[in-house]
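Please look over the sequence and the model shown here. The report that follows walks through the folds, the contacts and a few unusual spots.

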Amino acid sequence: MRQYSALEQRLLNDFQHELPLSPTPFADIAKSLGVYENTVLENFRRLQSEGVISRVGAVFKPNRIGASTLAAMAVDEDDLEDIAAIVSEFAEVNHNYERFHHFNLWFVVVANDQQSLQNTLDTIEVSCGYKVLDLPMLKDYFIDLGFQLQWT
Amino acid sequence: MSVLKPEFEKALVEALSQGLPLVKRPYQAIAKQIGCSEALVIEGIQRIYQRGDIKRFGVVVRHRKLGYRANGMVVWDIPDNRVTEVGKCMGRYEFVTLCYQRPRRLPDWPYNLFCMIHGQDAEHVKQQVEFIAEQCGLQDIPRDILFSGRCFKQRGAHYSMTKSAPQQASVYG
C-alpha cells in the first residue's frame with residue numbers, strides 16, 4: 001500500500017456521504033479544503049484509476065428493486081473450482097466467492113421477481129448437485145455512514 | 001414533476017450507480033447522457049434520496065486497496081427477541097459495514113444475524129468481533145467468523161439495466 005497525501009486522505013475519508021447536490025460539487029469540496037477544483041478532480045481521477053475509489057456515486061439500499069438472496073453451498077474442497085465455475089455462469093449470480101468454512105461457496109443471486117429467483121436457485125442446485133442454502137435478507141440494521149479509515 | 005417517470009428514473013439510477021463523471025459539472029454531464037436538464041437531474045437525485053432509496057452518496061472506497069485485506073462475515077445465533085436490539089447495537093460501529101438479519105436454516109444453519117467486518121488482517125477482525133460481543137452483550141452467544149478466500153465472480157455494486165436482467169442493489173444480497 002502506498003502512502004497517501006494529507007489531501008488524499010481527506011478526499012477518501014470525508015466525502016463518503018452527502019456529496020453536494022450543487023451544480024459544482026467538486027468546487028464545493030475544493031472550497032471546504034482550501035484547494036483548487038482541478039486539484040480535487042485530478043486527485044479523484046487518479047484514485048479512481050488506481051482502483052482505490054470504485055466510484056463517486058450512490059450506494060442504493062438492497063432489495064429495493066427485484067428479488068435477491070445470499071446463497072451458500074458446502075462443496076467438497078476438490079470440486080470447489082469446478083462448482084464455482086458452474087455457479088458463475090449464471091447471469092443472475094453477481095458475486096461468487098470462497099469463504100473458509102464448511103459452507104465454503106457463497107454467492108449473491110438477483111432476479112426480477114421472487115419466482116424467477118427461486119427457479120434460478122433450483123437450477124443451480126440441480127446443475128451443481130449440491131444443496132443450496134437460501135438466506136435472503138429479512139432486515140437491514142446497518143446505517144451506512146461510509147467507512148472511517150484509520151491512517152496509521 | 002410530482003413523480004419521476006420510470007424511464008428517467010432508471011437512467012438516473014444507472015448513471016448514479018456507475019458513478020459521477022469526474023468533471024466540473026457532473027450532473028450536467030449526466031443530463032446530457034440522459035437528454036434532460038441539469039436541474040432535473042439534481043431534483044431527481046433529491047427525490048430518490050427523500051424516498052429513502054439511497055443509503056449514501058459520495059466516495060466509495062475499496063477497502064482492500066487501502067490495506068484492509070481481511071474481511072470477515074460474522075454470523076450469530078441471536079435469540080429472536082433480542083435481534084432488533086442487537087442489530088441496532090452492531091449497526092452503529094464504524095468497522096461494521098453490513099448488518100442483516102437472515103433466516104436460520106436448521107439443522108444446517110443456526111445463525112440469524114450477519115455482519116461484515118473489515119480489518120487490516122484476520123487478527124484485527126477477531127479483535128473487533130470480540131469488542132462488539134462485549135459492547136452488545138453477546139459473550140455467550142454462538143458465533144462464527146467466515147473469512148473470505150478466492151473471489152470467483154464480482155460484478156460491481158451497481159445496477160445492471162442493459163439486459164432483461166436483474167437489477168442488483170448490493171453485492172451482499
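Helices (H or I, at least four residues) and strands (E, at least two) are DSSP runs, numbered from the N terminus. With that in hand, B:Gly137 can be placed: it sits in the loop between helix 5 (122-135) and strand 5 (143-154) of chain B. Residues count from 1 along each chain as its sequence is written, while chains are lettered from A and ligands numbered from 1 in the order in which they are written. The model is predicted, and local features need pLDDT of at least 70, side-chain atom pairs count only at pLDDT 80 or more, and totals for chains, interfaces and linings use all residues.

**Confidence**

The predictor's confidence in each residue is pLDDT, which runs from 0 to 100. Chain B averages 84, and 88% of its residues score at least 70. Within chain B, helix 1 (residues 6-18) has the lowest confidence, at a mean of 86, and helix 2 (residues 26-34) the highest, at 95. Over residues 157-173 of chain B, pLDDT stays under 50. Where pLDDT is low, the predicted coordinates should not be read in detail. The model as a whole scores ipTM 0.73 and pTM 0.73.

**Domains**

Each chain has a domain 1 and a domain 2. The bounds come from an automatic or database domain assignment. The table lists them.

| Chain | Domain 1 | Domain 2 | Distance between C-alpha centres |
|---|---|---|---|
| Chain A | residues 6-49 | residues 67-135 | 39 Å |
| Chain B | residues 6-50 | residues 64-147 | 35 Å |

**The fold of chain B**

Chain B has five helices and five strands. Along the sequence they follow the pattern α-α-α-β-β-α-β-β-α-β. Two strands pair if DSSP finds at least two bridges between them. Strand 3 (96-101) and strand 4 (113-119) of chain B pair in the antiparallel sense, over five bridges. In this pairing, B:Cys99 has B:Cys115 in strand 4 as its bridge partner. Strand 3 of chain B also pairs with strand 6 (residues 139-140) of chain A, antiparallel over two bridges. There, A:Lys139 stands opposite B:Gln101.

**Cores and burial**

A residue is buried if 20 or more other C-beta atoms lie within 10 Å of its own, exposed if 12 or fewer, and partly exposed in between; C-beta atoms are placed from the backbone. By this rule, 37% of the 173 residues of chain B count as buried. A nonpolar core is a set of buried Ala, Val, Leu, Ile, Met, Phe, Trp, Tyr and Cys residues joined through C-beta atoms within 7 Å.

Which residues touch the most other members of the largest core? They are A:Phe44, A:Ile53, A:Val56, B:Val59 and B:Val61, in a core of 34 residues. Helices 1, 2 and 3 and strand 1 of chain A each supply at least two residues, and so do helices 1, 2 and 3 and strand 1 of chain B. A second, separate core has 25 residues, among them B:Val96, B:Tyr111, B:Cys115 and B:Cys136. In soluble globular proteins, nonpolar side chains tend to be buried together.

**Where the chains meet**

Two residues are in contact if their C-beta atoms, placed from the backbone, lie within 7 Å. Leaving aside neighbours within four places in sequence, A:Phe44 is in contact with A:Leu11, A:Ile53, A:Val56 and B:Leu22. Across the two chains, 71 residues of chain A are in contact with 65 residues of chain B. Strand 1 of chain A gives the largest share of chain A's side, eight residues.

**Three local spots**

Most residues other than glycine have a negative phi, and most peptide bonds are trans. A:Glu18 has a positive phi, near 55 degrees. This residue lies in the loop between helix 1 and helix 2 of chain A. Why does A:Glu18 count as exposed? Because A:Glu18 has 12 C-beta neighbours inside 10 Å.

The peptide bond from B:Leu106 to B:Pro107 is cis, with omega near 5 degrees. B:Pro107 lies in the loop between strand 3 and strand 4 of chain B.

Last comes B:Gly137 again, which is exposed because 12 other C-beta atoms lie within 10 Å. B:Gly137 and B:Cys89 are 48 residues apart in sequence, and their C-alpha atoms are 9.6 Å apart in space.
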